[in-house]
Amino acid sequence: MTSTFPNISISTERLVLRPLDEDDIPALAEMMNDEQVAAWTDVPQPFTEEAAHTWITEYAPAERTEGRGLDFAVTEFLTQRLVGIVQLSKTNWHIRSTELSYIIAPWARGEGYASEAALATSQWVLGDQKFERVELRTAADNTASQQVAQKIGCISEGVLRGACIAHVRTEDGTWTDERTDFIVWSLLPEDLEGAGEDLADTSGFTSYSDWN
């Protein structure tokens, strides 16, 4: 029998992490067309509303029901605007391990939303879901994503040489692939002690501009 994550929502002081729905299509498409998302992810460019519809109605539900992971829409508690995405993927139910990644919309950066959403998701996975390991992989030059990993208490475990493909704008405006390294981070249950202390004061949030 395949294990699956429950279809739930998670609330923090400023955010609600919930399942994606079709009302998110315009905001999701806009967010995925951002230069930073194009640079650090394999999201197809340009990213259309049709692609957003497929993600929300087909890809995300299949990831959950087939046990591979879970996609959260990250929304502001007060405005309900979509500020980002948090994903769990490559889930191994035998060793209770999953990989976490995140995207924050350009207009919402600089507010600490990436670290707040990533920490809340990690606390839920390692606490309520009884997982033993959350893994993050950040491109070697993606310092903003590395800051998020450090902020939530992750431990850097090493480098996977030449394991990541980043994307760089060429002079004619097209994108070209550029091979780089992955930095591997992990978060275990015991690492969560005190991890939220730096996030308690919203005035202390650092600016994070990309995702893993």
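**A pocket, two cores and an uncertain stretch**

The second largest pocket of this predicted model has a volume of about 210 Å³; on a 1 Å grid over the protein atoms alone, a pocket is an open set of points where a 1.4 Å probe fits, with protein on both sides within 12 Å along at least five of seven lines, and its volume is the space filled by probe spheres set on the points. Residues are numbered from 1 along each chain as its sequence is written. Local features need pLDDT of at least 70 and side-chain atom pairs count only at pLDDT 80 or more, while totals for chains, interfaces and linings use all residues, and side-chain values use heavy atoms, with hydrogens and water left out.

The lining of this pocket, meaning residues with an atom within 4 Å of a point, includes Arg18, Asp24, Gln80 and Trp107. Helix α1 (residues 25-32) gives the most to this lining, with 3 residues; a helix here is a DSSP run of H or I with at least four residues, and a strand is a run of E with at least two.

We turn next to the interior. The largest nonpolar core has 35 residues, and those with the most contacts inside it are Leu100, Tyr102, Trp124 and Leu136; such a core is a set of buried Ala, Val, Leu, Ile, Met, Phe, Trp, Tyr and Cys residues joined through side-chain atoms within 4.5 Å. Among the elements that give two or more residues to this core are β3 (70-76), β5 and β8 (175-187), whereas α4 gives the most, with 9 residues. Apart from this core lies another, of 18 residues, among them Ala29, Met32, Val37 and Phe47.

Leucine 100 is placed in strand β5 (residues 97-104), and it counts as buried because its relative accessibility is 0%, where buried means under 20% relative accessible area with a 1.4 Å probe and protein chains only. Tryptophan 124, leaving out residues up to four places away in sequence, touches several residues, including Phe5, Ile10, Phe72 and Leu88, a contact being heavy atoms within 4.5 Å.

Glutamine 146, in helix α5, also counts as buried, because its relative accessibility is 12%.

Finally, the mean pLDDT of the protein chain is 88, and 90% of its residues reach 70 or more; pLDDT is the predictor's confidence in each residue, from 0 to 100. Over residues 200-212, however, pLDDT stays under 50. Where pLDDT is low, the predicted coordinates should not be read in detail.

Note on methods:
Buried means under 20% relative accessible area, exposed over 50%, partly exposed in between (1.4 Å probe, protein chains only).
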